[in-house]
Amino acid sequence: MQPVLEIFAVDDFALWPVGEHESYGYLVLNGELTLAEVGTAVRQIADCNGFGPEEEHGPCPADPLGAFLNGLLIMPDLVATGGFRVTDDATGTVFVEPGCCNGLETWRDWLDVLDGTGCSSFGHDPSSVAERVGDTVRLTLDVHGGDGSPVIQLSVDHVRTLVAGAQLDLRHFLGLAGTWAEQHLPAHAAAVTAALVRALDLTPAP
């Protein structure tokens, strides 16, 4: 299980260094990213939370950097395209590929599978679903794929360990991002780091 951020490629981005990444691919977030990859991740999350001038969020800063960061810094509810990807290492089959309408900000849905409603979906195309049945979590690659859709079953304790590991990966990424922000966005470092905490829902659960 890995936390992944879906990346939308942007041409001619020059506000800070970013790495090259295929559009609509996924960047694994952890503590081993290069500074350029961290820059790519921050750009993507900021871009996800941008808004047009016609929306009523108050005046936008006139400078390009302030304008680009504005939504990330002032929006109360932030999003981060992606989610927790689950791959069967033995077969290479991806059982949960975060899809449309899914985001890293909703990763706590996995905790709901373990200790709440017992079921959650993770976007669509494919429509991956995790369902708890007793002491087992059943992962279905595509619930609309019929009986032929791949399925894997894991113990609840195993999934709990995987979720804890993915959450730790996010925290390690956040540590890198804080250092990165101090270097590349010194005037906004504290605010950007705080916004990333909210976008990745790393504040303590209520």
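Here, contact means heavy atoms within 4.5 Å. Keep that handy, and remember that this is a predicted model.

**Exercise 1. Work out the strand order of the open sheet, and find which strands stand at its edges.**

Solution.
Step 1: Lay out the 4 strands of the open sheet; their order is β2-β1-β3-β4, and the pairing is antiparallel.
Step 2: Look at the ends of that row. β2 (25-28) and β4 (94-96) each have a single partner strand, so one side of each has no neighbour in the sheet.
Step 3: Add the twist, which averages 45 degrees from one strand to the next.

**Exercise 2. Take β1 and β3, and find how many bridges join them.**

Solution.
Step 1: Find residues 2-7 for β1 and residues 82-87 for β3; the two strands run antiparallel.
Step 2: Count the bridges between them, and you get 4.
Step 3: Pick out one facing pair: Val4 sits opposite Gly83 of β3.

**Exercise 3. Say which strands helices α1 and α4 lie across.**

Solution.
Step 1: Start with α1 (residues 35-48), which lies across β1 and β2, at about 65 degrees to β1.
Step 2: Move on to α4 (residues 156-184), which lies across β1 and β3 and runs at about 135 degrees to β3.

**Exercise 4. Explore the largest nonpolar core and list what Trp110 touches.**

Solution.
Step 1: The core has 54 residues, and Leu29, Phe84, Trp110 and Leu139 touch the most other members.
Step 2: Ask where its largest share comes from: α4, with 10 residues.
Step 3: Zoom in on Trp110. Leaving out residues up to four places away in sequence, Trp110 touches Met1, Phe84, Val86, Val96, Phe122, Ala130, Leu139, Val159 and Val163.

How values were computed
Residues are numbered from 1 along each chain as its sequence is written. This is a predicted model: local features need pLDDT of at least 70, side-chain atom pairs count only at pLDDT 80 or more; totals for chains, interfaces and linings use all residues. Side-chain values use heavy atoms; hydrogens and water are left out. Two strands pair if DSSP finds at least two bridges between them. Axes are lines fitted to C-alpha atoms, for helices over the stretch in contact, and angles run from 0 to 180 degrees between N-to-C directions. A nonpolar core is a set of buried Ala, Val, Leu, Ile, Met, Phe, Trp, Tyr and Cys residues joined through side-chain atoms within 4.5 Å. Buried means under 20% relative accessible area, exposed over 50%, partly exposed in between (1.4 Å probe, protein chains only).
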